[in-house]
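User: I would like to learn how to read the features of a structural model, beginning with what lies inside it. Could you give me the general idea each time and then the case at hand?

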Amino acid sequence: MAPEEVTITVRLIRSFEHRNFRPIVYHGVNLDQTVKEFIVFLKQDVPLRTSLPPPFRNYKYDTLKIIHQAHKSKTNELVLSLEDDDRLLLKEDSTLKAAGIGEEGGLVLLEGKPSPGLC
């Protein structure tokens, strides 16, 4: 059985306070890989993207969070929703599929857990 591959938008968040973020679209993402493997891939890929300003390429990202799932409601937050962190922050040992990621899903790559006062 061939691995399931989807298109995912990853939003890089550098600053909540100043709402600095950049979206990147990834095609052909294998949902059978672990969250940790995908974070490692992103950490290797982001610094190579010349279309991103240097502050985004050099930032130390380490956390993935779901911002929306296809065919479900989206948040009204401008940068990132702070609700349901226990459910939406992805655990490194689970696969993307087990974490609920699907076609046209949206993820956020950020440093650490977001603080309520900054979003």
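Analyst: In soluble globular proteins, nonpolar side chains tend to be buried together. A nonpolar core is here a set of buried Ala, Val, Leu, Ile, Met, Phe, Trp, Tyr and Cys residues joined through side-chain atoms within 4.5 Å, where buried means under 20% relative accessible area, exposed over 50% and partly exposed in between, with a 1.4 Å probe and protein chains only. In this predicted model, the largest such core has 24 residues, and those with the most contacts inside it are Ile-8, Val-10, Leu-12, Phe-38, Leu-64, Ile-101 and Leu-107. At least two residues of this core come from each of strand E1 (5–15), strand E2 (20–30), helix H1 (35–45), strand E3 (63–68) and strand E4. The elements are DSSP runs numbered from the N terminus, helices being H or I with at least four residues and strands being E with at least two.

Since the model is predicted, local features need pLDDT of at least 70 and side-chain atom pairs count only at pLDDT 80 or more, whereas totals for chains, interfaces and linings use all residues. Residues are numbered from 1 along each chain as its sequence is written, and side-chain values use heavy atoms, with hydrogens and water left out.

User: Which residues does Ile-101 touch, leaving aside those up to four places away in sequence?

Analyst: Contact means heavy atoms within 4.5 Å, and by that criterion Ile-101 touches Ile-8, Leu-31, Ile-66, Leu-90, Leu-96 and Leu-107.

User: How should I read the buried residues of H1, and where do they fall as seen down the helix axis?

Analyst: An α-helix has 3.6 residues a turn, so residues three or four places apart point the same way. In H1 the buried residues are Val-35, Phe-38, Ile-39, Leu-42 and Asp-45. They fall within an arc of 130° as seen down the axis of H1, so they line one face of the helix; the arc is that of the directions from the helix axis to the C-beta atoms. These buried residues of H1 pack against E1, E2, E3 and E4.

User: What should I look for in strand E4, on its faces and along its edges?

Analyst: In a regular strand the side chains alternate between the two faces of the sheet. In E4 (105–110), six of six residues are buried, with Gly-105, Leu-107 and Leu-109 on one side and Gly-106, Val-108 and Leu-110 on the other. Two strands pair if DSSP finds at least two bridges between them: E4 pairs with E1 in the parallel sense over five bridges, and with E3 in the antiparallel sense, also over five bridges. Leu-109 of E4 is the bridge partner of Leu-12 and of Leu-64.

User: Is Gln-33, in the loop between E2 and H1, buried or exposed?

Analyst: Gln-33 is buried, with a relative accessible area of 16%. Its side chain reaches the backbone oxygen of Asn-30 at 3.2 Å, and Gln-33 touches Phe-38, Ser-94, Thr-95 and Leu-96, not counting residues up to four places away in sequence.

User: What is the sign of phi at Glu-104, and how exposed is this residue?

Analyst: Most residues other than glycine have a negative phi. Glu-104 has a positive phi of about 60° although it is not a glycine. The residue is found in the loop between helix H3 (85–88) and E4, and it counts as exposed at 56% relative accessibility.

Technical notes: A polar contact is a pair of N or O atoms within 3.5 Å; within protein, one must be able to donate a hydrogen and the other to accept it, and residues adjacent in sequence count only if both atoms are side-chain atoms.
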